Amino acid sequence: KFCRRTKAALSARDIPYADINIETHPSKRADMVSLTDRITVPQVFMNDEHVGGSEEVSALLAQWDAQIGDGDGNDDGTEKSPRERYILLVESKPDPTDERLAIPELPEGNNDHCGNDDDDVMKFNDSRTSEIFQTGDRHYTALDITKLLIQMMPRDSLTYLGFVYINVF
């Protein structure tokens, strides 16, 4: 939700961004946490500078929007559009030098950042969906365990404070 909101806000202002998906690249989560001391996504950087999460980015963009044509006469870039301001403050500067901000390579044979192959089927690489859990002599995936729990958990209707919840655990 917050990632989509941030991407939409940047796209609406024609500000380009690089999306590093921590589901596709789980090793980048540790880099994000070490750089920001935050575990939530998104975390937005403008070159080497950490801007913040979705709310901070929205506040910054709203500030940039409000300063368009404020007439203060300064040549500090504050009267420019968000796109022009991005070019002045970010695009004209060198790329980040911190290796943790490097955009990861795509998995071998994958030309799409979304992880889709030619048949438009989602592939999960380096994900928890491929973990195998062993109980005794049986092996289960996370999906197998979830299906077993759904079958085994009692389902019933629940009334709480006048509301009826149907078919809940």
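In which helix is Leu149 found? The points below address this and other features of the predicted model.

1. **Leu149 and its surroundings.** Leu149 is found in helix H5, which covers residues 142–152. With a relative accessible area of 46%, Leu149 is partly exposed. Leu149 also belongs to a nonpolar patch on the surface, which is formed together with Phe133, Ile145 and Met153. The accessible area of these residues together is about 320 Å².

2. **Overall architecture.** The chain contains five helices and six strands. Followed along the sequence, these elements give the pattern α-α-β-β-α-α-β-β-α-β-β. A student may find it useful to trace this pattern on the structure before turning to single residues.

3. **Burial and surface.** The chain has 169 residues, of which 21% count as buried. The chain exposes about 12,600 Å². Carbon and sulfur atoms supply 52% of that exposed area.

4. **Contacts across the sequence.** Among contacts in the chain with a separation of 6 or more, 36% are between residues 24 or more positions apart. One pair of residues that is distant in sequence is Val90 and Asn47, which are 43 residues apart along the chain. Their C-alpha atoms are separated by 6.4 Å.

5. **Val90.** This residue lies in helix H4, residues 82–91. Is Val90 buried or exposed? Its relative accessibility is 8%, and Val90 therefore counts as buried, the limit being under 20%. When residues up to four places away in sequence are not counted, Val90 touches Met46, Asn47 and Arg85.

6. **Salt bridges in general.** How many salt bridges does the count give? The count comes to six salt bridges. Three of them are described in the points that follow, beginning with Asp65 and Arg13.

7. **Asp65 and Arg13.** Asp65 forms a salt bridge with Arg13, and the closest N and O atoms are 2.6 Å apart. This pair links distant parts of the chain, for the two residues are 52 residues apart. Asp65 is in helix H3 (residues 54–66), whereas Arg13 is in the loop between helix H1 (2–12) and helix H2 (27–36). Both partners are partly exposed: Asp65 has a relative accessible area of 30%, and Arg13 has a relative accessibility of 23%.

8. **Lys28 and Asp31.** A further salt bridge joins Lys28 to Asp31, with the closest N and O atoms 3.4 Å apart. Both residues lie in helix H2, and the three residues of separation correspond to about one turn of the helix. Lys28 is a charged partner in this salt bridge, yet Lys28 is buried, with a relative accessible area of 11%.

9. **Glu56 and Arg38.** Glu56 forms a salt bridge with Arg38, the closest N and O atoms lying 3.4 Å apart. Glu56 belongs to helix H3 and Arg38 to the loop between H2 and strand E1 (44–46), so this salt bridge ties together parts of the chain that are 18 residues apart in sequence. Glu56 is partly exposed, with a relative accessible area of 31%. Arg38 is likewise partly exposed, with a relative accessible area of 30%.

10. **Aromatic rings.** The count of aromatic pairs comes to zero. One ring does have a charged residue over its face: Lys1 lies over the face of Phe2, at 5.9 Å from the ring centre.

Conventions:
Residues are numbered from 1 along each chain as its sequence is written. This is a predicted model: local features need pLDDT of at least 70, side-chain atom pairs count only at pLDDT 80 or more; totals for chains, interfaces and linings use all residues. Side-chain values use heavy atoms; hydrogens and water are left out. Patches are made of residues with over 30% relative accessible area and no salt bridge: like charges are joined within 9 Å, nonpolar side chains (Val, Leu, Ile, Met, Phe, Trp, Tyr) within 5 Å. Accessible areas come from the Shrake-Rupley method with a 1.4 Å probe; for residues, only the protein chains shown count as cover. A salt bridge is a side-chain nitrogen of Lys or Arg within 4 Å of a carboxyl oxygen of Asp or Glu. Helices (H or I, at least four residues) and strands (E, at least two) are DSSP runs, numbered from the N terminus. Buried means under 20% relative accessible area, exposed over 50%, partly exposed in between (1.4 Å probe, protein chains only). Rings of Phe, Tyr and Trp (its six-membered ring) pair if their centres lie within 6.5 Å; planes under 30 degrees apart count as stacked, over 60 as edge-to-face and the rest as tilted. A charge sits over a ring if NZ of Lys or CZ of Arg is within 6 Å of the ring centre and within 35 degrees of the ring normal. Contact means heavy atoms within 4.5 Å.
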